[in-house]
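Biologist: Could you take me through one part of this model in detail, the place where two helices pack against each other? I would like to know which residues take part and how the helices are set against one another.

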Amino acid sequence: NERVASAIALYERGDVTLGTAARLADLNRFEMRDRLREEGVELRIGPEDMADARDEIETARNLE
């Protein structure tokens, strides 16, 4: 799936957070985490800055 591959590439480069990658790939965070692990991509834990933190909060709000 091209969406998943693109989201993985963006996450691996550090361009997007896990939540954003999941949204781009149309997966939930747990599915995205599993896909990243399957691809051997190291997971980054926690936001790197306030913009990432805001993005994570927005992603969490949209899960409902």
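Modeller: Happy to! In this predicted model, the contact is made from the α1 side by Arg3, Val4, Ala7, Leu10 and Tyr11, and these meet Leu18, Ala21, Arg23, Leu24 and Ala25 of α2. Sorted by character, the residues of this contact comprise 8 nonpolar and 2 charged ones, with no polar residue.

Now for the geometry. Two packed helices are described by the angle between their axes and the distance between those axes. Here α1 spans residues 2-13 and α2 spans residues 18-25; their axes come within 8 Å and cross at roughly 165°. Angles over 145 degrees count as roughly antiparallel, so α1 is roughly antiparallel to α2. As for the hand of the crossing between α1 and α2, it is right-handed.

It helps to set this pair in the whole chain. The chain has 4 helices and 0 strands, so to speak an α-α-α-α order from the N terminus on. Its C-alpha atoms fill a box of roughly 25 × 25 × 15 Å along the principal axes. The radius of gyration is 11 Å, which agrees with the value near 11 Å for a compact globule of 64 residues. Of those 64 residues, 28% count as buried. Finally, looking at contacts between residues at least 6 apart in sequence, 48% join residues at least 24 apart.

Definitions and conventions. Residues are numbered from 1 along each chain as its sequence is written. This is a predicted model: local features need pLDDT of at least 70, side-chain atom pairs count only at pLDDT 80 or more; totals for chains, interfaces and linings use all residues. Side-chain values use heavy atoms; hydrogens and water are left out. Axes are lines fitted to C-alpha atoms, for helices over the stretch in contact, and angles run from 0 to 180 degrees between N-to-C directions. Helices (H or I, at least four residues) and strands (E, at least two) are DSSP runs, numbered from the N terminus. Angles under 35 degrees count as roughly parallel, over 145 as roughly antiparallel, 65 to 115 as roughly perpendicular and the rest as oblique. A crossing is left-handed if the near helix is turned anticlockwise from the far one by less than a right angle, and right-handed if clockwise. Contact means heavy atoms within 4.5 Å. Ala, Val, Leu, Ile, Met, Phe, Trp, Tyr, Cys and Pro count as nonpolar, Asp, Glu, Lys and Arg as charged, and the others, Gly among them, as polar. The radius of gyration is taken over C-alpha atoms; the globule rule is 2.2 Å times the number of residues to the power 0.38. Buried means under 20% relative accessible area, exposed over 50%, partly exposed in between (1.4 Å probe, protein chains only).
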